[in-house]
Amino acid sequence: MMGKCRSYRPRKRKFHENQNTSPGTASSNEIMTVSSLKLQQRNEVSNISEHLTGNRLIDLEILIGIFSLLCCPTKMCTAGSLYLVEDSRFGLSSNFSLHCKNCSFISAFCTSKKLDKTNELNTRFVYGLRLIGRGISAGRKLCAVLNLPPFLSKLAFRQQEKKLLSAAISIGEKIMNDAAKGIRQLKKSIHGTVNCGVSVDGTWQRVVVFLR
């Protein structure tokens, strides 16, 4: 007669947790991580809002909707909401003012910073067009496609070009003078004439100049 077949069951191994960590640390670390993460997110949001800079494109309807949710900052008026009015416009920059519906509160602001009594945004736009080799016609087409206000007039565009040309000339002269001083110091020739070959970036402009 054949004997009974015994079933073999392997012994279960006891779980000893992670031997590199002590028991009870995981829960405390999770709690600390969640709380520190919330504080870190709050700090990041505050830091981001403080360091925001530069220009943005925004739909006026969205901006008006945002201002309509705000309350009047005066102490005498607590229930009034604000609405936006465009007072004037020059090129891509506009002068707006916030008005309260229930009191006489008015706060005016411009959408661009001032640089030598001119709007920085218009100067940057003209400079960008000239960098890519385009003029006022391309600027007007781009503004029309982006649904921006009509661009500067031809006279205002030429004035911006003259200011940019004057700034480029002054900066170029300063860079060349600094380079000449450095070469004289390198050659140890302050009052004499120094022959120096200069290669300028570009296929059509390769010159040799004599620095005096």
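Is Lys-174 buried or exposed? In this model, which is a predicted one, Lys-174 is exposed, because its relative accessible area is 54% and the cut-off for that class is over 50%. Its side chain meets that of Asp-178 in a salt bridge, at 3.1 Å from N to O, and Asp-178, with a relative accessible area of 38%, is partly exposed. The two residues are four apart in helix H5, so about one helical turn separates them.

Let me stay with the salt bridges for a moment, of which the count comes to five. Glu-86 pairs with Arg-89, their closest N and O atoms lying 3.5 Å apart, and here Glu-86 is partly exposed at 33% relative accessibility, while Arg-89 is partly exposed at 45%. Another joins Glu-161 to Arg-130 at 3.3 Å, N to O, and this pair links distant parts of the chain, since Glu-161 sits in helix H5 and Arg-130 in helix H3, 31 residues apart. Both residues also belong to a network of salt bridges that includes Arg-158.

That brings me to the pockets, because Glu-161 and Arg-130 are among the residues lining the second largest one, whose volume is about 240 Å³. H5 gives the most to this lining, with six residues, and by class the lining has six nonpolar, no polar and two charged residues.

The largest pocket, for its part, holds about 1000 Å³ of space and is lined by 29 residues, with Arg-56, Leu-57, Ile-58, Leu-92 and Thr-111 lying nearest its centre. Its lining comprises 15 nonpolar, seven polar and seven charged residues, and helices H2 and H3, together with strands E2 and E3, each supply at least two of them.

Key
Residues numbered from 1 in each chain as written. Predicted model: local features only at pLDDT ≥ 70, side-chain atom pairs only at ≥ 80, totals over all residues. Heavy atoms only, no water. 1 Å grid on protein atoms, 1.4 Å probe; cavity = no way out; pocket = protein on both sides within 12 Å on 5 of 7 lines; lining within 4 Å. Points joined across faces, edges and corners; volume = space filled by probe spheres on them. Nonpolar A, V, L, I, M, F, W, Y, C, P; charged D, E, K, R; others polar. Salt bridge = Lys/Arg side-chain N within 4 Å of Asp/Glu carboxyl O. Buried < 20%, exposed > 50% of the residue type's maximum accessible area, 1.4 Å probe, protein only.
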